[in-house]
Amino acid sequence: MMKRLLGMIVASVITVTATADEGMWILPLLKKMNIDVMKEKGLCISAEEIYSANKSSIKDAVIIFGGGCTGEIVSPKGLIFTNHHCGYSSIQKLSSVDHNYLRDGFWAKGYAEELPVDGLTVKFLTQMTDVTSEILKDLDVLAGTVNTDNKKSTENKSPYFFKSFRSEYQDSIDARIRRLISKRMSDYSKEETQFHSVDVESFLEGNQYFLVEYEIFKDIRLVGTPPEAIGNFGHDTDNWMWPRHTGDFSIFRVYASKKNKPATYSTDNVPYTPKHYLPISIKGTEKSDFAMTIGFPGSTSRYLTSWGIKHTMEVENASRILPREKKQNIWMEDMLADEKIKLQYASKYASSSNYWKNAIGMNRGLKRLHIIEKKRELEREFEEFARGKKGYEDVLANLKYAYEANYSYAKAYAYLIECLYNGTEIFKCSAMIRKYKQILEYPAVSKEIFEGIKSEFRAFYKDYSAKTDEKVCAALLKLYKETVEEYYLPEFYKQIEKKYGEDFKGYAREIFAKSIFADSTRLFKYIDSHKSGSLSKDMAYKIYGQFLDKLQGLTGRMEENDWKIEDNNRRFIKGLMEMYPNKKFYSDANFTMRLSYGTVGDYEPADAVMYKHYTTLTGVMEKEKPGDWEFDVPSRLKQLYESKDYGRYADKDGEMHVCFTTNNDITGGNSGSPVLNGKGQLIGLAFDGNWEAMSGDITFEEKLQKCICVDIRYVLFIIDKYGNAKNIIDELTIIG
């Protein structure tokens, strides 16, 4: 099956490199693909020092942090640097109204003060091996890319033929993947398996496969964080923008058993001794300096076809923009009115608004840069190449048909997810109970299992405001009805019309007055009762059931065309590589370790406007709005600025540099990635892209695309001078 992100169809493709700076490169292939160009730009170390399967290398210091960010090991005691926004949910989880670490910051003065984060993990890449030949051997004829007879051709066949063909081809691949994973996992004991993961990842849209293995550490503790007035300075207004003045960093530590092996949390655990950690340079950066990032970019769709771009803009992005805007406005109104709600919704708001603004910027950029028109030029070239070639001549026609056939279904699906599942939390809570329903109704279930289930719901209600969610529910139920065709409305909309006369606020009021999911007391009473009667009659539970039925129906209708998109994208990529046999191709991002390289530099975002490549603490003070939730400046930071007490972290110009820009190729998932100089020394943390190039996930904009980084000197300045956490500074290797 084609992988989905909340059910969205993602058609990732690759691109021919336009410049040396474009590309998210697989580390085991650096020596073959990139190292000479990197050396010309200023790299001083070897490919093996960056990636080695057998020796200590930089890749051993770069980690997957949590579920979707990058981090790096910066000390021999397992100290982690990552972005503040990557640690945000963990910091929020540890916070309370009385100990609000988001608002006030936190600095542990020793190991005993470091705070364990329940559920937080980090992963170290241990192996990345090309297994393409083992996965694809002898499958070309089956897939129809080499047609020895007409029986395997998909031309002039019914949809049912395509479905059976796809299943046969993909079933063969899936079986081979399972065998490879099973063989590798068999090398571990039963106890060890919980600390290792093995998968086979698809690259180049199924034209290449790598076996990827990670070691998983489950005892991670918070060491330090600046207050969000520093770590998230500028919040929504400055998000994706340059000039930027955000100290976007937080500090954690990996703990291990006394044998230095992964372990679950224990007071007996000790700081992890890594295979490699990054030294830190405080020499600063100059324009045109070499810079590289290593991290885990999440998803890109370079050379997505014109129909895929239309789908991205009008389905995926549009479904994020309006529902999230309505939800976020309600959240923010309540957050500003109540400190408790502000803490409850801080992480959720940040997560939602990040890709809400991204979707707005992406659509704006794609239109402004006329990307669809440019894609159609490439498609015309491909049509010329494919004419008369079996396996390629029908690719673009198939893609056009599949996207257009799925359009209305995909739009309804996307809005259903955003309005009823991502949007309204009471329905998400209802979804949580479904996986435990049979267990809860079985009288012999142990007390420990019941307590485990309750703990999951306690975590939900800790960060939940029913009065806020009720407002969101009314707004988004109304929006969904106004946005999609009547055919896509679940049955409960008839009740809203008949009984409530389209009064969505009244309908939401009754849901929250009657549903057991509106507060934990009612839900826990149900959990303790072992009875299903109250659940089957619950309004929120029934609504979610109808929503789920509609969602499954839409999925079924899209499935066949999803398969067509998947298979024809694979053939499209294969054809492009034949069109340009002398070009270097890189795969789209898929949250596997990648390297990008470029240079520090400024850019011109508009006529007569020039943005230099760095910002300073002076800019923080210029943006200050006392008492404002986005631009308040802590008094201690102002004191340090006024006294110019920057210590050894000042630039040679005497200023405290805060952020800088490079033209490295990054995307979501790269947040927290180390930015390294030519010697492999840490000079910054990548944390954002720029507004003018928000179309970058689909097309690399050579002149405009920038990676926004927090200067490592500002990170150290905040730790040392602001946080007085000299114990942290002392365990770093700092090169002056």
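A residue counts as buried here when its relative accessible area is under 20%, and as exposed when that value is over 50%. The model on screen is predicted.

**Helix H19**

Select residues 492-500, which form helix H19. Colour Phe492, Tyr493, Ile496 and Tyr500: these are the buried residues of the helix. Now look down the axis of H19; the buried residues fall within an arc of 115°, so they line one face of the helix.

Next, show the helices that this buried side packs against: H14 (395-421), H18 (466-483), H20 (504-514) and H23 (539-579). Then turn to the face of H19 directed away from the buried side, where Lys494, Glu497 and Lys498 are exposed. Finish at Gly501, just after H19, which has a positive phi of about 55°.

**Strand E26**

Move to residues 707-711, strand E26. Of its 5 residues, 5 are buried, so the strand is largely enclosed by the rest of the structure. To see how the burial is divided, show the side chains: Cys707, Cys709 and Asp711 lie on one side of E26, Ile708 and Val710 on the other, and both faces are covered.

Which strands pair with E26? Select residues 657-662 for strand E23, which runs antiparallel to E26 and pairs with it over 4 bridges. Within this pairing, centre on Thr661, which stands opposite Ile708. Then add residues 682-689, strand E25; its pairing with E26 is also antiparallel and covers 5 bridges. Here Gly689 is the residue to pick, as a label on Cys707 will show the two standing opposite each other.

Note on methods: Residues are numbered from 1 along each chain as its sequence is written. This is a predicted model: local features need pLDDT of at least 70, side-chain atom pairs count only at pLDDT 80 or more; totals for chains, interfaces and linings use all residues. Side-chain values use heavy atoms; hydrogens and water are left out. Buried means under 20% relative accessible area, exposed over 50%, partly exposed in between (1.4 Å probe, protein chains only). Two strands pair if DSSP finds at least two bridges between them. The arc is that of the directions from the helix axis to the C-beta atoms. Contact means heavy atoms within 4.5 Å.
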